Amino acid sequence: MIATLYVIRMLPFLLIRSEIKNRFFKSFLYYVPYVTLAVMTFPAIIFATDHLASGILALIVGLIVAWFSENLFITASCCCIAVLLSSLII
């Protein structure tokens, strides 16, 4: 396991010695962490509840509240309240 992690982390340093000048490759590397986080987070949000509808509602509420408030605690609280209310209705 150590050898595998070492190879994955050190291989770019060994192969790429100069600055990357390709605009496409630089933009690709810039967005990789955001895309990886989104790919792991969105399915977890939708399928975390017993009902698919409450997960989708929490995602929609979370996006709207995060857009306007930009506060993680408020966004998470509103998502939890949306799941609770939708679970009570369903």
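Is glutamate 70 buried or exposed? At 71% relative accessibility, glutamate 70 counts as exposed. The model is predicted, and this residue is one of several worth a stop on the way through.

Start with the overall build. The protein has four helices and zero strands. Read from the N terminus, the order of elements is α-α-α-α. The radius of gyration is 20 Å, whereas a compact globule of 90 residues would come out near 12 Å. Along the principal axes, the C-alpha atoms fill a box of roughly 60 × 35 × 20 Å. Burial can be put in numbers too: 13% of the 90 residues count as buried. The exposed surface comes to about 7900 Å², and carbon and sulfur atoms supply 76% of it. Contacts give another view. Take those between residues at least 6 apart in sequence: 29% of them join residues at least 24 apart.

Now turn to the N-terminal half of the path, with helix H1 (2–15) and helix H2 (23–46). A nonpolar patch sits on the surface, with about 1100 Å² of accessible area together. Its members are Tyr6, Val7, Leu11, Leu14, Leu15, Ile16, Phe24, Phe25, Phe28, Leu29 and Val32. H1 and H2 are the elements that give two or more residues to this patch. Take leucine 29 as one of the members. Leucine 29 lies in helix H2. Its relative accessibility is 39%, so leucine 29 counts as partly exposed.

Charge pairing comes next. Side chains of opposite charge can pair when their charged atoms come close. The structure holds one salt bridge. Glutamate 19 and lysine 26 form it, with their closest N and O atoms 4.0 Å apart. How accessible are the two partners? Glutamate 19 counts as exposed because its relative accessibility is 58%. Lysine 26 has 42%, so lysine 26 counts as partly exposed.

Move on to the loop between helix H3 (52–69) and H4, where glutamate 70 lies. Its backbone deserves a look. Glutamate 70 has a positive phi of about 55°, although it is not a glycine. As stated at the outset, its side of the story is exposure, at 71% relative accessibility.

Past that loop, threonine 75 lies in helix H4 (residues 72–89). Why does threonine 75 count as buried? Its relative accessible area is 11%, and the cut-off for buried is under 20%, so threonine 75 falls on the buried side. Which residues does threonine 75 touch, leaving aside those up to four places away in sequence? They are Gly62, Val65, Ala66 and Ser69.

Last come the cysteines. A disulfide is a covalent bond between the sulfur atoms of two cysteines. A search of the whole structure finds zero disulfides. Why is cysteine 79 not bonded to cysteine 80? The sulfur of cysteine 79 has its closest cysteine sulfur in cysteine 80, at 6.9 Å, which is too far for a bond. Seen from the other end, cysteine 80 is in no disulfide, and its nearest cysteine sulfur is that of cysteine 79, 6.9 Å away. Their accessibilities can be read in turn. Cysteine 79 counts as buried because its relative accessibility is 17%. Cysteine 80 has a relative accessible area of 54%, so cysteine 80 is exposed.

How values were computed
Residues are numbered from 1 along each chain as its sequence is written. This is a predicted model: local features need pLDDT of at least 70, side-chain atom pairs count only at pLDDT 80 or more; totals for chains, interfaces and linings use all residues. Side-chain values use heavy atoms; hydrogens and water are left out. Patches are made of residues with over 30% relative accessible area and no salt bridge: like charges are joined within 9 Å, nonpolar side chains (Val, Leu, Ile, Met, Phe, Trp, Tyr) within 5 Å. Accessible areas come from the Shrake-Rupley method with a 1.4 Å probe; for residues, only the protein chains shown count as cover. A salt bridge is a side-chain nitrogen of Lys or Arg within 4 Å of a carboxyl oxygen of Asp or Glu. Buried means under 20% relative accessible area, exposed over 50%, partly exposed in between (1.4 Å probe, protein chains only). The radius of gyration is taken over C-alpha atoms; the globule rule is 2.2 Å times the number of residues to the power 0.38. Contact means heavy atoms within 4.5 Å. A disulfide is a pair of cysteine sulfur atoms within 2.5 Å.
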